[in-house]
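Biologist: I would like to go through the labels used for this structure and ask what stands behind each one.

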Amino acid sequence: MAKTLPLVRGSLDVLVLRALSWGPMHGFEIITWLEERSGGVLDVEDGALYHAFVRLESRGAITAAWGETENGRRARYYKMTSAGEAVLRAETSKWLQYTGIITDILTVARPKPRAS
């Protein structure tokens, strides 16, 4: 397995919203979803996820309700709201633009030295 990477600051909220675009999930499902999509490379800490839930709930981007998992355990399920869908679209656009610019800068060919 590849070495894990920490999340880039500010990326967790949009990643949580992307996971929830597939439907309501509890925290462990979201972590599993992100790990599977990243090939196990992204390192999502439980505490960071909890703080993302608090931020997203306070923005009205998600709602939460208690439910039961497939194995009968009680868990808090999170669901994206219509406001969350708008946030996801806007933040995805920003991240794609940002990463595209950074990629362009990092992969630009270095100019050949001028002959004197």
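Modeller: The turns below take the labels one at a time, for a model that is predicted.

Biologist: How many aromatic pairs does the structure hold?

Modeller: The structure holds three aromatic pairs. One of them joins the rings of tryptophan 22 and tryptophan 33.

Biologist: Why is the pair of tryptophan 22 and tryptophan 33 called tilted?

Modeller: The ring centres are 6.2 Å apart, and the limit for a pair is 6.5 Å. The planes stand at 55°. Stacked needs an angle under 30 degrees and edge-to-face one over 60, so the pair of tryptophan 22 and tryptophan 33 is tilted.

Biologist: What makes this pair a tie between parts of the chain?

Modeller: Tryptophan 22 lies in the loop between helix 1 and strand 2, while tryptophan 33 is in helix 2. The parts are 11 residues apart in sequence, so the pair ties them together.

Biologist: Is tryptophan 22 buried or exposed, and is tryptophan 33 buried or exposed?

Modeller: Tryptophan 22 has a relative accessible area of 57%. Exposed means over 50%, so tryptophan 22 is exposed. Tryptophan 33 has 12%; buried means under 20%, so tryptophan 33 is buried.

Biologist: What makes the pair of tryptophan 95 and tyrosine 98 edge-to-face?

Modeller: Their ring centres are 5.9 Å apart and their planes stand at 85°. Edge-to-face begins over 60 degrees, so the label applies to tryptophan 95 and tyrosine 98. Both residues lie in helix 4, three residues apart, which is about one turn of the helix.

Biologist: Why does tryptophan 95 count as partly exposed?

Modeller: Its relative accessibility is 22%. Buried ends at 20% and exposed starts over 50%, so tryptophan 95 counts as partly exposed.

Biologist: Which charged end sits over the ring of tryptophan 22?

Modeller: That of arginine 37, at 5.9 Å from the ring centre. The distance limit is 6 Å. Arginine 74 lies over the face of tryptophan 66, at 4.3 Å from the ring centre.

Biologist: What is the order of the strands in the open sheet?

Modeller: The three strands have the order 2-5-4, with antiparallel pairing.

Biologist: Why do strand 2 and strand 4 stand at the edges?

Modeller: Each has a single partner strand, so one side of each is left without a neighbour in the sheet. Strand 2 pairs with strand 5 over two bridges, and methionine 25 stands opposite tyrosine 78 in strand 5. Strand 4 and strand 5 pair over seven bridges. Isoleucine 62 stands opposite methionine 80, and glutamate 68 stands opposite arginine 74.

Biologist: What lies between strand 4 and strand 5 in their hairpin?

Modeller: Five residues; glycine 72 in the turn has a positive phi of about 85°.

Biologist: How do you know that helix 1 is roughly perpendicular to helix 2?

Modeller: The two helices pack at an angle of about 100°, with their axes 10 Å apart. Roughly perpendicular covers 65 to 115 degrees, so helix 1 and helix 2 fit that label. Where they meet, the residues include Leu12 and Val16 in helix 1, and Ile30 and Trp33 in helix 2.

Biologist: Why does aspartate 13 count as buried?

Modeller: Aspartate 13 lies in helix 1. Its relative accessibility is 11%, and the cut-off is under 20%, so aspartate 13 counts as buried. Leaving aside neighbours within four places in sequence, aspartate 13 is in contact with Ala52, Arg55, Leu56 and Arg59.

Terms used. Residues numbered from 1 in each chain as written. Predicted model: local features only at pLDDT ≥ 70, side-chain atom pairs only at ≥ 80, totals over all residues. Heavy atoms only, no water. Phe/Tyr/Trp six-rings, centres within 6.5 Å; stacked < 30°, edge-to-face > 60°. Helix = DSSP H or I, 4+ residues; strand = E, 2+ residues; numbered from the N terminus. Buried < 20%, exposed > 50% of the residue type's maximum accessible area, 1.4 Å probe, protein only. Lys NZ or Arg CZ within 6 Å of the ring centre and 35° of its normal. Pairing = 2+ DSSP bridges. Contact = heavy atoms within 4.5 Å. Axes fitted to C-alpha atoms, helices over the stretch in contact; angles between N-to-C directions. Parallel < 35°, antiparallel > 145°, perpendicular 65-115°, else oblique.
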